[in-house]
Every structure is written in C-alpha cells, then in structure tokens.
Amino acid sequence: MTASTDEDTARTLSGRRRWLALVVLSVGQLMVALDATVVNVALPTIQRELHFSQASLAWVVNAYLITFGGLLLLAGRLGDLVGRKRLFLIGLGAFCASSMLCGVASSAAMLVASRFLQGASAAMMSSMVLGTLSPMFPEPKERTRALSVFAAVTLGGASLGLPIGGGLIELSWHWIFFINVPFGLTALVMSARLLEPHVGLGIREGADVLGALLVTSAPMLVVYALIETSGDGWGSVETIGLFAGSAALVGLFVFVESHVRTPLIPLRIFRHHNLVSANIVRFLYPIGAFGLNFIGSQYLQFVVGYNPLRSGLAFIPNSLLIGVISLLGVPVLLGRVGPKPLILTGLTLIIGGLLVFSRAPVHAHYVTDVLPALLLIGTGFALVFTPTVGVALSDVAPDEAGLVSGLTNVSVQMGGSIGVALLASVSASRTTRLLAEHVSRTAARAAGYHFGFRVAAVCSAVALAVAVVALRPRSAAGVELTDRSDALPVLE
C-alpha cells in the first residue's frame, strides 16, 4: 500500500469519525430539546397521580426551563475553563441520572427537584454542542451541512415532543423520562471515544458563579410568586413581597455584573439597540408558544376529552409546519424581504391563533376549532424564531456573537418559564372563581384555559408593538448565521 493510499484511508476514517461524532452530539441535543416539551402531554396524568394543584403543575415544566436557561451562560464559560468534551460528558451522565430520578419520582416534590437537576444537566450539554461541533468541520461547505443537521434535530426534537410524549404515555408517564437513559448511556460511551479532547483555560481564570445563581434565582422567585397568586391574590402582602424580592435580586445581579472581573453578561452589551429590542420580543412571544403546549394539551384532555396519545397526535401538523418553514421557508424569505416583515407577520399569526383557541368550545371539533389555531401559531413561531436572533446580532461585533446568541436563548427560556407560570396562575384563578359560582368543572376549566390564551395573546401583542417601534435591522437579510456557527440558537 502506497503512502498516498494510507493518507487517503486515514482521511476517510477521520471523516467518518467526525460524522459519527455529529450523530452523537445530535442525540444529546435531541434529548435536551425533547425534554423541554415532551412532558406537556403527560401533565394531566402527572397531576392526578402526584396530586399537583392546577397552578403548581407549572413547576414540572418550569423547573427544567429555569435552570436550563439560567445556567446556559455559566455552563458555556465552564466549558472554556475545564474543557468542552469533559463538561459535555459530565452533563450527559448527569442528564441520564436525573432522567432516571424523574422516572421513579413518587411525589410532586421529588419530580420537581429532579427536573431542576435535569435542566442543569441540559445546560451543560447544550452549551457545549456548537463549540464542539464547529472545529470538527473547518471547511465551510461541510460545516453548513453539519449545522443543518444540528438545526433539524433541534427544531424537530422540540416540535415533536408532544406527539412522542403522547405515544410514551400509553405505557406510563414514567417512560417519557426513562426513554432518555438507554439513548443517553449509548451516547455517553460513543462520545468518550469519538469526541476530540479540548484543553480548557484552567479554573483559575474564573467564572461568575454568583451572577449565574442570581440570574436563575430571580425568575424562579417570579415563577413562585405567580403560582402563589392563584391562592393569595395579586394584591396580597405575600405576593407583593415575592415580586419585590425578585426585583431586588435583579438589582443585585446588575451590581455584581458591573463589579466582577469576568461577568456572566457584560453590561456594555446592552448598549446595542437591536439586541435589547430583539430580546424583549424573544422574552414575550414564547409566552404564547410555550403556553400553547402547556394549557393547550390540558384543554384537549380535560375539556375536549382526548386521551394523551390523541392529544399528542393533534399537535403533529403544528410540529411539521414549524420544521418545514424554519428549514426551508425562512432562509429564502429572509433574503427576499428581510427579518422585520417576517417577525411582524409571525407575531400577528401567533396572536390570531391564540385568539382562535380562546374561542374553542367545550365540544370542540378538531378540524374547525383546533387545527386552524395550531397552524397559525406554528407558522408564526417559525417566522419569528431565527429572524429575531439575526436582528439581535445585526449591530454587534463578531467576537460578541457567541455571548449575544447565548443571551437570546436565555431570553426565550426565561420568557417561556415565566409565561407558563403566568398562564397557569390566571387560568387556575379563573377556574376556581367559576367553580365557586357553581359552574360545571368542565365549563370552568374551559373558561380558565380560554382566559389563559387571551393573556398570552396580549403578551404577544406587546411583543408586536415593540417589534413595530423598536426593531431596526441593518441589512435586508438581517442575519449572517451561516458564517457564525457559534451564534446559532440551541433550543426552542
């Protein structure tokens, strides 16, 4: 065998190893994306078996979203310090363990605590994927293909969570968590063999742990306050105190970030007008998108009478539409009309879909009462997702792209978690009031969910107003994401 043949064989094997490593990273990202949404369809069953109240049920979703979003930036920094491969393996192993704990949970407290651990593990995994993937594909064409696979897995995983959850719940709700374990352990073994080691800067370089704790604690306290309003009321001393405490935590976070040597979020980044405006939009619009999954699946089961499988299958058109439009439609439309028209159109469609859902009757027909809302919200979601990242990046320096991308992801996760708590609270409060007036339970639940959809529509309308007034993208295309692999969003 000649020397050139040996080199060709080695290059081929190296290429195969890189693509196998991409598969492993994609499996990890798929689990992260699925677990953000898969639990929604199981909520009614979990509520009955573990005795959650209607409002406190939001913790099953929010325990994951808050820790995931709040720890993303810290996890990214830790990966730079201790090595990306090492942190990915730690996160993947912890995700398997916390998934097992979720699956065996026998009480509400145990499940919520395990979901907190799952969210923290997901942050470690997800924050490392793009930083690990990009150096493996230095050639632009191959990198584009690899990133396309990653985007498809991310969007597909998040979108298909409800249908997949509907199928697994036929076995038991525990299986929506147990299913992670065999896939995760396989990915863990393969990752250890396939991923190239990365030497970190060393822990002495420092990480803003206090900032990460504050940016996680503040929204957690807001969520707790919102959930408590369903019992204490908005004007109670307890509620006002909790909101004041969360505001104090935000103030302390700003103080810390302005004084530490390596801040989690350098405050200078907020001088960029488009960054601030786009992140306000990305904070508000997930209230409708996440709310659709949260109270929409409950509406179909508690009010219309669907079983979990049928409820999950009902969301398939929404899932397919998000995937197709995001991967095929949005890149073309961005080049033709720019990001702002897409964002405005998407937000308008989300508002329309939420209002349609808010009028769905107790004896709803899927084709006429539910499907139109799902299609409107799915289309709107796809049109807003990527363009808002592009606008946020449009006036920042290339060396700030990774930080800004991380911040846009945090905005979505925090907005979604606070939104789920808000909708859980207002819908539960409306239901409780109607039950006290001797309205039937089904009708009271329906009215509560309808009110939640209307509140979500108002939040999306505020996002639309901000987009109309404040977004000022600098270019027609608005994004350069194909050349900024570290700026791609990691979860939605």
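**Salt bridges, nonpolar cores and a buried asparagine**

With a relative accessibility of 42%, Arg433 counts as partly exposed, a value that, like the others reported here, was computed from a predicted model. The side chain of Arg433 meets that of Glu437 in a salt bridge, with a separation of 3.0 Å from N to O. Glu437 likewise falls in the partly exposed class, at 46% relative accessibility, because this class covers values between 20% and 50%.

A search of the whole structure returned two salt bridges. Besides the pair of Arg433 and Glu437, a salt bridge joins Glu196 to Arg17, and here the closest N and O atoms are 3.6 Å apart. Since Glu196 is located in the loop between α9 (180-194) and α10 (209-232), whereas Arg17 belongs to helix α1 (residues 3-37), this pair ties together parts of the chain that are 179 residues apart in sequence. Both partners are partly exposed, Glu196 with a relative accessible area of 48% and Arg17 with a relative accessibility of 33%.

The largest nonpolar core comprises 131 residues, among which Leu111, Trp173, Leu347 and Phe357 touch the most other members. Helix α18 (residues 401-436) makes the greatest contribution to this core, supplying 14 residues. A second core, separate from the largest one, consists of six residues, including Leu334, Leu342, Ala382 and Leu383. When residues up to four places away in sequence are disregarded, the contacts of Leu111 are Ile46, Leu50, Phe52, Val60, Cys102, Ala105, Trp173 and Phe177. Trp173 thus appears both as a contact of Leu111 and among the core residues that touch the most other members.

Cys102, one of the residues touched by Leu111, has a relative accessibility of 0% and is therefore classed as buried. Cys96 is also buried, with a relative accessibility of 5%. Zero disulfides are present in the structure.

Burial also extends to a residue in helix α12 (residues 273-284), namely Asn274, which has a relative accessibility of 3% and so counts as buried, the threshold for this class being under 20%. Once neighbours within four places in sequence are set aside, Asn274 is in contact with Val391, Ala392, Ser394 and Asp395, and also with Ala470, Leu471, Arg472 and Pro473.

Technical notes:
Residues numbered from 1 in each chain as written. Predicted model: local features only at pLDDT ≥ 70, side-chain atom pairs only at ≥ 80, totals over all residues. Heavy atoms only, no water. Helix = DSSP H or I, 4+ residues; strand = E, 2+ residues; numbered from the N terminus. Buried < 20%, exposed > 50% of the residue type's maximum accessible area, 1.4 Å probe, protein only. Contact = heavy atoms within 4.5 Å. Disulfide = S-S within 2.5 Å. Core = buried A, V, L, I, M, F, W, Y, C linked by side-chain atoms within 4.5 Å. Salt bridge = Lys/Arg side-chain N within 4 Å of Asp/Glu carboxyl O.
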